[in-house]
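Subject: A structure for you to look at

Hello,

Here is the structure I promised to pass on. Have a look at it first, and then read on for what I found.

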Amino acid sequence: MHRGTTTRQWHLLLLGVALAAFAVRLIPVLRGAGLTGMGNYDDGVYYSAAVALVHGRLPYRDFVLLHPPGIVVALAPFAALGQLITDLHGLAVARVAFMLVGALNAVLVARFLLPMSVAAGWVGGLFYAIFYPAVYTEHLTVLEPLAGSCLLMTLLLLRTFRGQADAGKVALAMAGALMALSAGLKIWGVVPLIFIGIWQLVTIRSRRVLWYVAGAGIAGVALCLPFLAAAPAAMWQLVVVDQLDRPTGRTALVRKLFDITGLNGFSNPPSGWSLLLIIAVAGYLMAGLLAWTRTEPRLPVGLAVVLTALLLVTPAYFPHYASLIAGPYAIVVGAAAGILIALVRHHQQPALAALVAGLLTAVAVTAIPVAGHRFGKSFPARQLAASVAPLPGCVTADDPLLLVQLNVLSRDFKRSCQVRIDVTGSAYGTDKLLLRNGKPAPRRLNTRWQRNLMIYLRSGTATILVRTAPDSLPRAMVAEIRQWPVLAHSRRYVLYRPQHRPG
């Protein structure tokens, strides 16, 4: 415990950080579409995959999943709860749970920094609480929040038991297990898993590192073996080969930096955003150099560098990926703030005071994108669900979250319907079509995926689309869909009765 700080003060600090983080994640959702609104596509895919698991369908063997099985296992309890309270409300509970995971992550950051100083704990914890990539991601049932928790718990374990003999061995084994679980959520977790192992090997220079390796091996096997045994070739193909073979995106380096620095919450970037980006990058670099002067935050500094490089070089990129660096960044910023504040207290130099004020201002600017945000899009579930409730047979959709909204996902499984969990992702998996240059065809050029999607849509007694038409389907297919009888419509959502082609 830091000198002059009571246990009660620590507890109050951690509680304050937790409440702030939870509120910052919950309020934009309540101001937006609510806990049962439409999230992003991945949010629906992962929860629907967990519902499929509850109904006895395994990823890789029975449906496409382009990620390790960790997220499906993690969401399975909420999917099981959904069988009692409807799938949609099970998803709502899961979203609240992931907001609590975000609050936990902010607490883990503060707890890591508290032995340095209370100021470091406050700044780091609150920085994480308001860091936009984390806020945006941690209101959805996606991969990054839990992967971030595993990483932060690993860092806290290694810091707490550093240098201890028997306890240190157990901590290393638990750290390895946590990092294996992180990689079992998102395959990118292999990078920090290996980096931390190398770091421990270099800093400890002891056979105790084998405990880290053993913990990782046991946890990885326990998580993945049941699914690998059921479909070894398919799991390897989908999780490793197809994931690495996904089409290269065109996200500019500057756009990635805008996301990584936490400025991506601005709906319309401010006029001086280029200058703001330069200041933000310089601020993070300065914070990293300051944090490196202390032993405790050096591993997070290294992780911040490695994960930033990973995000900048990865060909497949989406803005929510930036939350992967939220934990290390928060620790680095908090450690730097603590160091600067301690220097000001001891030397009382105006230049240092100005530097501290600048750093704290930068943290405050990070909160600006969060203010006024509304998360999610509303869906007319009541109107459209009433139309599909009496229908026999199956309901199909190009986004599984639509089936959750209509309260027919579990019903489809019970009726032994074909359910495409990752409709668009299958274009990179089972429906992958290679171009002449050997690269996977995008959906708009992938005739195999288009044909199989239409076969799936026609297999239902009702269908609804929100993602693929007209962007990814040929005009002829879009025209055919729009000629189908309309069962119901509300706003931009149209429920069609598919018509089968003769012969």
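Let's start with Ser 182, which you can find in helix H8, the stretch covering residues 166-183. Keep in mind that this is a predicted model. Is Ser 182 buried or exposed? Its relative accessibility is 4%, and because buried means under 20%, Ser 182 counts as buried. Which residues does Ser 182 touch, if we leave out those up to four places away in sequence? They are Ala 147, Cys 150 and Gly 189.

Now zoom out to the whole chain. Its secondary structure consists of 21 helices and four strands. Ser 182 has plenty of company in being buried, as 55% of the 503 residues are buried too. The contacts tell you about the fold as well: take those between residues at least 6 apart in sequence, and 73% of them join residues at least 24 apart.

What about the overall dimensions? Along the principal axes, the C-alpha atoms fill a box of roughly 85 × 50 × 50 Å. A compact globule of 503 residues would have a radius of gyration near 23 Å, so the 24 Å of this chain agrees with that.

Finally, the surface and the charges. The chain exposes about 21800 Å², and 64% of this area comes from carbon and sulfur atoms. There are 44 positive and 18 negative charges, and the mean positions of the two groups lie 5 Å apart.

Enjoy exploring, and write back with any questions!

Best wishes

Technical notes:
Residues numbered from 1 in each chain as written. Predicted model: local features only at pLDDT ≥ 70, side-chain atom pairs only at ≥ 80, totals over all residues. Heavy atoms only, no water. Helix = DSSP H or I, 4+ residues; strand = E, 2+ residues; numbered from the N terminus. Buried < 20%, exposed > 50% of the residue type's maximum accessible area, 1.4 Å probe, protein only. Contact = heavy atoms within 4.5 Å. Rg over C-alpha atoms; globule rule 2.2 N^0.38 Å. Areas by Shrake-Rupley, 256 points an atom, 1.4 Å probe, with all protein chains shown as cover. Lys, Arg positive; Asp, Glu negative; His and termini not counted. Charge placed at Lys NZ, Arg CZ, Asp CG, Glu CD.
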